[in-house]
Amino acid sequence: MVVLENPALEQITLINLHSKPVSFFSGVPVVDLRAPGAAAAVVKACEEFGFFKVVNHGVPADAMARLESEAVQFFSGTQTEKERTAGAAAPYGYGSKRIGANGDVGWVEYLLFQVRSASASDAGRVSSKIEEQGRGPLCSALGEYTAAVGKLACRLLELMAEGLGLPSRDALSRMVGDEESDSVFRLNHYPPCPQLQGMPGCGVTGFGEHTDPQIISLLHSNDTGGLQISLGDGSWVSVPPDQASFFVNVGDSLQVLTNGRFRSVRHRVLANSLKSRVSMIYFGGPPAKQRLAPLPVLMGEGEQSLYREFTWSEYKKSAYKTRLADNRLMQFER
Ligand code: GA4
């Protein structure tokens with residue numbers, strides 16, 4: 001690993017990718033929501049990778065395109081305009097290069113919001129300074145998109161419940177669809193990093209490696225790659241971008257609820273030397289008071305719980321004290 005002492009890069013870590021450029025991984029599981037057997041396919045992907053791609057997902061293409069174009073427009077503004085519109089990230093608002101409060105940096109700028117509800121009946125209101133300022137085009141694109149993606153998150157959690165054989169179909173989805181659910185939405189812009197040109201074998205960290213603390217994350221991006229996931233053996237592979245699809249991550253909370261049967265996937269993003277990457281991620285989280293512990297119905301005979309019981313509020317608080325790459329779940333293990 002090399003650290004570039006360049007004021008423009010603010011010590012953004014260069015990851016040595018070794019001599020070979022990383023080629024795209026062809027093994028990402030694909031789940032077709034219209035195909036029979038989708039529930040079993042989702043469970044298999046969550047067990048093997050904690051990650052999969054969803055096609056025929058039902059989110060209107062125009063909602064995806066509209067938000068992407070509003071995001072591009074927003075990020076093209078000056079720093080002052082962006083901070084005036086969204087407020088400086090603390091942790092919600094507009095942020096640039098600094099991620100979280102504990103020293104992580106990346107070649108990225110972002111908007112982070114709390115989403116008030118993912119329930120089907122709600123319009124998916126987004127809480128932010130943007131909302132306070134009236135319903136501009138970015139705000140309405142966010143509302144439309146988060147409502148549709150929140151529904152997709154619930155549908156996927158229902159499929160997981162079905163595939164796992166849980167007695168109630170909404171055992172997982174109700175945690176994300178609840179009025180009180182603590183879901184978050186993030187728009188990321190990874191500008192091109194020209195300093196990378198002529199440095200073969202190096203990659204600049206856009207967003208450092210981490211797992212997501214919530215239950216489920218749904219990511220959509222433009223056609224610029226950069227996302228990498230870590231496989232069970234610790235190796236990193238690049239995920240081919242697909243603008244029409246969603247990529248789904250198992251979060252730490254779902255790993256706990258399934259007693260480790262589903263694994264929360266470690267992932268990171270590398271910046272591109274020539275092209276901008278724009279991604280939008282919905283993080284479906286439970287209500288603050290939700291207790292997180294392995295679901296008893298999933299425990300085999302004599303199986304020990306790997307985790308002690310805790311609430312989402314406890315976990316979130318502890319997660320925000322960590323650095324991105326830390327293993328956040330370790331202190332909740334038995
Ligand atoms: C990772 C997943 C989400 O993007 C996020 C991130 C949050 C932040 O950007 O403020 C965290 C990170 C994320 C996990 C550890 C802490 C908190 C930055 C950080 C160093 C919004 C989230 O919920 O957790």
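## Helix packing, buried faces and a few odd backbones

Let's start where two helices meet: Ala63, Met64, Arg66, Leu67, Glu70 and Phe74 of H2 are in contact with Pro137, Leu138, Ser140, Ala141, Leu142, Glu144 and Tyr145 of H5. Sorted by character, the residues of this contact come out as nine nonpolar, three charged and one polar. Bear in mind that you are looking at a predicted model. Two packed helices are described by the distance between their axes and the angle between them. Here, H2 spans residues 61-75 and H5 spans residues 137-164, and their axes come within 9 Å and cross at roughly 145°. The crossing of H2 past H5 is left-handed.

Now step back to the whole chain. The protein has eight helices and 17 strands. It runs to 334 residues, and 54% of them count as buried. If you take the contacts with a separation of 6 or more, 72% of them are between residues 24 or more positions apart. On the outside, about 14700 Å² is exposed, with carbon and sulfur atoms supplying 51% of that area.

Next, have a look at H1, residues 38-48. Which of its residues are buried? They are Ala38, Ala39, Val42, Val43, Ala45 and Cys46. These residues sit on the same side of H1, because the arc they cover around the axis is only 165°. As for what lies over them, the cover includes strand E3 (30-32), strand E4 (51-55) and strand E13 (246-250), along with H5. So H5 turns up twice on this tour: it meets H2, and it is also part of the cover for H1, if you go by the contacts listed under the definition of heavy atoms within 4.5 Å. Just after H1 ends, Gly50 takes a positive phi of about 70°.

H8, residues 312-319, can be read in a similar way. Its buried residues are Trp312, Tyr315, Lys316, Ser318 and Ala319. They, too, lie on the same side of their helix, since they cover an arc of only 165° around the axis of H8. The cover over them includes strand E6 (104-115), strand E16 (291-292) and strand E17 (310-311), plus helix H7 (252-257).

H7 deserves a stop of its own. Gln255 is in this helix, and it counts as buried because its relative accessibility is 15%, with the cut-off for buried being under 20%. What does Gln255 touch, leaving aside residues up to four places away in sequence? Its partners are Val250, Gly260, Phe262, Arg263, Ser264, Tyr307 and Leu329.

Carry on from H7 into the loop that leads to strand E14 (267-270), and you'll find Asn259. Its phi is near 50°, which is positive even though the residue is not a glycine. At 7% relative accessibility, Asn259 counts as buried.

Asn56 also has a positive phi without being a glycine, with a value of about 55°. Look for Asn56 in the loop between E4 and H2. Is Asn56 buried or partly exposed? It counts as partly exposed, because its relative accessibility is 30%.

One last backbone detail is the peptide bond from Ala90 to Pro91, which is cis, with omega near -5°. You'll find Pro91 in the loop between helix H3 (79-86) and strand E5 (93-99).

Conventions. Residues numbered from 1 in each chain as written. Predicted model: local features only at pLDDT ≥ 70, side-chain atom pairs only at ≥ 80, totals over all residues. Heavy atoms only, no water. Axes fitted to C-alpha atoms, helices over the stretch in contact; angles between N-to-C directions. Helix = DSSP H or I, 4+ residues; strand = E, 2+ residues; numbered from the N terminus. Left-handed = near helix turned anticlockwise from the far one by under 90°. Nonpolar A, V, L, I, M, F, W, Y, C, P; charged D, E, K, R; others polar. Buried < 20%, exposed > 50% of the residue type's maximum accessible area, 1.4 Å probe, protein only. Arc of directions from axis to C-beta. Areas by Shrake-Rupley, 256 points an atom, 1.4 Å probe, with all protein chains shown as cover.
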